[in-house]
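Open the model in your viewer and keep the sequence panel visible. The stops below are given in the order in which to select them.

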Amino acid sequence: MDRFRMIFQYFQSSSESVMNGICGLLALASVKMYTSFDFSCPCLPQYNVVYGLGIMFIPPIILFLCGLILNRQSLVMLEEWRRPAGRRKKDLAVIRYMCSSIMQRAMVAPVVWIVVTLLDGKCLICAFSGSVDPEKFMGFGDVSTVQVQQLLAKVPCKDDELTRNNTSRKAVSRYLRCWSQALGWSILLILIIAAFLARWLRPCFNQATLLQARHWSNYIDIEQKIFEETCCEHSRLFAHKCILHFFESMRQEIKLHSFSLPREGEEPEGEEDLLRGITDQDQVNKLLKTWYYEKPPLDVSQAHQRHPLVQERSPLPCADNARPKGPRCSHC
């Protein structure tokens with residue numbers, strides 16, 4: 001289980017190369033899923049449209065949602081969009097850049113699925129075989145309207161007894177497959193032209209705005225990751241201290257089982273510094289709340305200024321019996 005968790009966290013990395021690799025894998029998976037899928041049109045006038053269009057558009061929705069789930073920046077973008085302004089203003093240009101990047105990557109696999117289904121033609125034949133004009137084809141003039149609809153609905157079924165050797169069925173199938181492939185190649189051509197223009201016309205616009213949006217979108221993602229890593233480290237040390245206190249309270253009982261406990265006052269070197277003075281649950285909750293509502297401004301020159309959470313923790317008063325002889329400290 002830990003291995004799968006590590007793999008999932010790796011795929012949630014903010015690296016663009018990793019996210020592009022995930023998009024490529026989803027696109028290949030969509031092609032593999034379609035080629036291995038057993039397409040079976042019901043050949044009934046009431047269900048052909050639902051089945052054909054469902055196979056064409058429902059899997060792309062699933063692939064689109066998978067692309068959003070696997071992309072770590074989607075959650076980071078939503079948190080940045082919904083967070084209160086606090087001491088740091090929100091830049092809508094950065095949020096728009098992150099949203100555009102997320103949508104572009106998430107749309108790759110769905111578009112590949114739709115294009116592949118159109119080039120194959122089965123879905124369109126199944127969905128619209130009952131919508132063609134029977135007067136354009138020979139062999140439908142001697143039957144009633146109800147029989148025409150039944151024959152058209154059975155066009156996708158090659159092995160049906162009514163249409164097995166019917167030349168009209170083959171003509172309708174070729175007609176719809178031609179339209180389907182033309183639509184698929186047209187969509188593919190439009191997408192390639194759009195990508196070409198977006199790449200080659202980009203230098204014609206202001207590059208400074210794009211560089212700023214890309215820089216700060218990466219910063220937001222990295223800042224969130226470092227904050228989570230720091231919280232995990234603090235949680236580990238906090239849990240370690242709580243467990244030591246529990247064992248200390250159970251010292252007499254533990255000694256009966258020959259457990260070795262650390263001596264009083266024996267602490268890992270530098271552990272108190274790593275806890276950063278956050279030593280109880282209320283302080284941790286207040287720190288997390290402050291991080292959400294009042295993120296620090298993007299100005300490292302203000303690092304020496306004390307945060308409101310730190311200002312509330314006043315220094316401990318000096319005890320007269322514990323203070324060494326000499327000049328009094330400034331807090332006494």
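Angles between axes are classed as follows: under 35 degrees is roughly parallel, over 145 roughly antiparallel, 65 to 115 roughly perpendicular, and the rest oblique. The model is a predicted one, in which local features need pLDDT of at least 70 and side-chain atom pairs count only at pLDDT 80 or more, while totals for chains, interfaces and linings use all residues. Residues are numbered from 1 along each chain as its sequence is written, and side-chain values use heavy atoms, with hydrogens and water left out.

**Whole chain**

Colour the chain by secondary structure: 14 helices and zero strands appear. Helices (H or I, at least four residues) and strands (E, at least two) are DSSP runs, numbered from the N terminus. Of the 332 residues in the chain, 27% are buried, where buried means under 20% relative accessible area, exposed over 50%, and partly exposed in between (1.4 Å probe, protein chains only). Switch on the surface: about 23000 Å² is exposed, and carbon and sulfur atoms supply 62% of it. These areas come from the Shrake-Rupley method with a 1.4 Å probe, and for residues only the protein chains shown count as cover. Among contacts (heavy atoms within 4.5 Å) with a separation of 6 or more, 72% join residues 24 or more positions apart.

**α3 and α6**

Select α3 (48-70) and helix α6 (residues 108-120). Their axes come within 8 Å and cross at roughly 160°; axes are lines fitted to C-alpha atoms, for helices over the stretch in contact, and angles run from 0 to 180 degrees between N-to-C directions. The two helices are therefore roughly antiparallel to each other. The crossing of α3 past α6 is right-handed. For handedness, a crossing is left-handed if the near helix is turned anticlockwise from the far one by less than a right angle, and right-handed if clockwise.

Show side chains at this crossing. From α3 come Ile55, Met56, Phe57, Pro59, Pro60, Leu63 and Phe64, which meet Ala109, Pro110, Trp113, Ile114, Thr117 and Leu118 of α6. By class there are 12 nonpolar residues, one polar and no charged. Here Ala, Val, Leu, Ile, Met, Phe, Trp, Tyr, Cys and Pro count as nonpolar, Asp, Glu, Lys and Arg as charged, and the others, Gly among them, as polar.

**α6 and its other partners**

Keep α6 and add α9 (167-200). The axes of α6 and α9 are 6 Å apart and the helices pack at an angle of about 150°. This time α6 passes α9 in a left-handed crossing. On the α6 side, select Val111, Val115, Thr117, Leu118, Leu119 and Asp120; on the α9 side, select Arg177, Ser180, Gln181, Leu183, Gly184, Trp185, Ile187 and Leu191. This contact divides into eight nonpolar, four polar and two charged residues.

Next add helix α5 (residues 92-106), whose axis comes within 4 Å of that of α6 and crosses it at roughly 35°. Gln104, Arg105 and Ala106 of α5 meet Val108, Ala109 and Pro110 of α6. Four of the residues in this contact are nonpolar, one is polar and one is charged.

**Cys123 and Cys43**

Which helix holds Cys123? Cys123 belongs to helix α7 (residues 122-128) and is buried, with a relative accessible area of 0%. Leaving out residues up to four places away in sequence, Cys123 touches Phe39, Gly52, Ile55, Met56 and Thr117. Label Cys41 as well: its C-alpha lies 8.3 Å from that of Cys123, with their positions 82 residues apart in sequence.

Cys43 is in the loop between α2 (16-36) and α3. Most residues other than glycine have a negative phi. For Cys43, phi is near 60°, a positive value. Cys43 is buried, with a relative accessible area of 4%.

**Phe137 and α8**

Move to the loop between α7 and α8, where Phe137 lies. Is Phe137 buried or exposed? Phe137 is buried, at a relative accessible area of 13%. Beyond four places in sequence, Phe137 touches Val132, Ala171, Val172 and Tyr175. The C-alpha atoms of Phe137 and Thr167 are separated by 9.4 Å, with the two residues 30 apart along the chain.

Finish on helix α8 (residues 145-153), whose buried residues are Val148, Leu151, Leu152 and Ala153. They pack against α3 and α9.
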